[in-house]
Amino acid sequence: MDQSEQNVVAPAQLPKPAALQDTPKDAGFASTGSPIFDAKGISIYYGSFRAVTDVSLTIYENEITAFIGPSGCGKTTVLRTLNRLNDLIPEARVEGEVDYRGVSLYGAGVSPIAVRRRIGMVFQKPNPFPKSIYDNVAYGPRINGIRNKGKLDEIVERSLHQAALWDEVKNRLNKSGLGLSGGQAQRLCIARTLAVEPDVVLMDEPASALDPIATGKIEDLMHEIKSQYTIVIVTPNMQQANRVSDRNAFYSVPVNPESDTRTGTLVEYGPTQQIFEDPQDPRTQAYVTGRMG
Amino acid sequence: MAAMEQSAVDLREPAGWRRRKNQVTTVLMWLSFVAVLIPLGFVLFTVIAKGASAINWQFLTGGPIPPNVVPAGIGGMGPAVYGTLVITGLAAAMAVPLGILGAIYVNEYGGRGALARVVRFMSDVMTGVPSIIMGLFIFSIWVLHFGYSGLAGAFALACLMLPVVIRSSEEMLKLVPDPLREASYALGATKSRVTMTVVLPAAIGGIVSGALLAIARAAGETAPLLFTILTVTATNTNPFSGANTALSTQIFTNATQPYLGAQSRAWGSALTLIAIAFILMIVARIVTARFTRYSS
């Protein structure tokens, strides 16, 4: 534990020299935060199948970075490598470098448990535990060893406030988390993720199962919490990417005509405004203008 | 045809035979349901009709078990009730924790590994072993060396329960959706923590009711006990040493007698055993309901 804390915290004091950043894509965009993730040439395999190849990007602190692209292009796969959740799939394998605050995520001695305590995740389908609302939110703090009832009460209330759910559930904290509506359940999952005070929140299409009103609430809360967290969101919805994000990564999935396999790849990465208004790559332009699915 | 002329659209059933097929199938299903209920109803009716008169507090708790020639109403089946509860309880104490741990290993840890496959295969094979063979097995490896005892009977019953508990628990663990596991992992939980705090609580209702059903089944087993506990007429409070007795074996020995007293005691024992199984089923239902109060 001690070692990993040091590893993670110390290099954060050393922001990457501006000269090394992807300057052409960042042109005209004032970067405020220091780099959180720095991926260099990553490829992800499931067994012998190469799902994603050649992804290099830098994700910055206190920004919302959106991954967009057609289905099957590997956005979610890349997202799940950022907190080593793909480790749960026995055949999954990552090649290349992913640095988190200067520490190699896949380096020797890195514990996926320690990684996931700092890098939380909200999933596509709301997946509250079959426990009470209170126990859902208190789950993370409890596994971090917090037993004090007063402390837990405080964390639960703060997290539910952050997730804009407190007023709706404050009188039924001991009721099942499964009794909530889809939008409420997803905000409960967000509260559960925020309760461990992660450094980064990964969101895998968090609003794709929700109606526009619930979606709006989730987007509002993303803006609310942005100042405290770094957010990476996968979204199938370009309007959403445009509304919420500071930077956009567009993925595409070219078909290899020889082997008839599809391997996703990062096409273009840059500030949201530039991706939507002045895309450099014709494929990005075709996608954001709706000429290609 | 007249309807067709009156209206532009015809929304009637396209083929009349579809409706008829539905009716025939519905009737067949009801008949199957009744056919299944008939034997169950007869068994319950007969056992209650012939056993209820034998049962009183003296019968359930008193003793000793009288010789076969003694008429009904003297002595009691207390030693057998005691033996059944203690032997089945011991067997459950051995088989249920081991079975649940085995299922956790097979489903959560073993994955597609060789050991998990072997455990799964062996428990399937064990399920198919006739109960009398389990009795012979314990007889040859335990009774021949250490003598008859309630413990030996419990070993035999545990061998019968173990594969059932493993497989039913495994099925329950399989039903726990992976997104729940992922949610827990994403909060930085270790594998053991995920298993203990998310997977087991989500599956525990089904696991407990599966285990209780296995216990209820084992409580009625006769053949494996014949070889392992022998029989006694007075309560043997020490299950670890000396012969013992159980309701199931008492049914066997008493029902095969020509004496009316013995037959009455057999019917009474049968009803007692059914009642014990019934109580376990109800407990299983209550436990399941209690553990799943957050699941909907």
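In the predicted model, the contact between the two chains draws 32 residues from chain A and 21 residues from chain B. About 2,000 Å² is buried between chain B and chain A, and carbon and sulfur atoms give 63% of this area. Between these chains, 2 salt bridges are counted. Polar contacts across the interface of chain B and chain A involve 6 residue pairs, with both residues of each pair at pLDDT 80 or more. On the side of chain B that touches chain A, the elements giving two or more residues are helix 8 (178-186) and helix 9 (191-219) of chain B. Helix 8 of chain B supplies the largest share of that side, namely 7 residues. Sorted by class, the side of chain B that touches chain A consists of 12 nonpolar, 6 polar and 3 charged residues.

Salt bridges were examined over the whole model and then pair by pair. Over all chains, the structure holds 22 salt bridges. The pair E182(B) and R80(A) joins two chains, because E182(B) lies in helix 8 of chain B and R80(A) in helix 3 (residues 75-81) of chain A. In this salt bridge the closest N and O atoms of E182(B) and R80(A) are 2.7 Å apart. E182(B) and R80(A) are both buried. Helix 8 of chain B thus appears twice in this account: it holds E182(B), and it gives the largest share of the side of chain B that touches chain A.

Helix 8 of chain B also contains a salt bridge of its own, between the side chains of D178(B) and R181(B), with an N to O distance of 2.9 Å. D178(B) and R181(B) are 3 residues apart in this helix, about one turn. R181(B) has a relative accessibility of 10% and therefore counts as buried, the cut-off for that class being under 20%.

A salt bridge with the same spacing in sequence, 3 residues, is found in helix 7 (residues 150-174) of chain B. Here E171(B) pairs with K174(B), and the closest N and O atoms are 3.4 Å apart. Because E171(B) and K174(B) are 3 residues apart in helix 7 of chain B, about one helical turn separates them. Both members of this pair fall in the partly exposed class, E171(B) at 36% relative accessibility and K174(B) at 46%. Elsewhere in chain B, salt bridges link R120(B), D124(B), R167(B) and E170(B) in a network.

One loop position in chain B was also examined. V70(B) lies in the loop between helix 3 (57-61) and helix 4 (78-110) of chain B. With a relative accessibility of 17%, V70(B) counts as buried. When residues up to four places away in sequence are not counted, V70(B) touches G261(B), A262(B) and R265(B). V70(B) and V27(B) are 43 residues apart in sequence, and their C-alpha atoms are 51 Å apart in space.

For chain A, the secondary structure comes to 12 helices and 12 strands. The chain has 293 residues, of which 54% count as buried. Among the contacts in chain A with a separation of 6 or more, 70% are accounted for by residues 24 or more positions apart. The exposed area of chain A is about 12,800 Å², and carbon and sulfur atoms supply 49% of it.

Two residues of chain A were considered individually. D38(A) is placed in strand 1 (residues 35-46) of chain A. The relative accessibility of D38(A) is 10%, so this residue counts as buried. The side chain of D38(A) is joined to that of T58(A) by a polar contact of 3.0 Å. T284(A) is found in helix 12 (residues 282-288) of chain A. T284(A) is buried, because its relative accessible area is 0%. Apart from neighbours within four places in sequence, the residues in contact with T284(A) are F250(A), V267(A), E268(A), I275(A) and P279(A).

Note on methods:
Residues numbered from 1 in each chain as written. Chains lettered and ligands numbered in written order. Heavy atoms only, no water. Contact = heavy atoms within 4.5 Å. Buried area = accessible area lost by both parts, 1.4 Å probe. Salt bridge = Lys/Arg side-chain N within 4 Å of Asp/Glu carboxyl O. Polar contact = N/O pair within 3.5 Å; in protein donor to acceptor, adjacent residues only side chain to side chain. Helix = DSSP H or I, 4+ residues; strand = E, 2+ residues; numbered from the N terminus. Nonpolar A, V, L, I, M, F, W, Y, C, P; charged D, E, K, R; others polar. Buried < 20%, exposed > 50% of the residue type's maximum accessible area, 1.4 Å probe, protein only. Areas by Shrake-Rupley, 256 points an atom, 1.4 Å probe, with all protein chains shown as cover.
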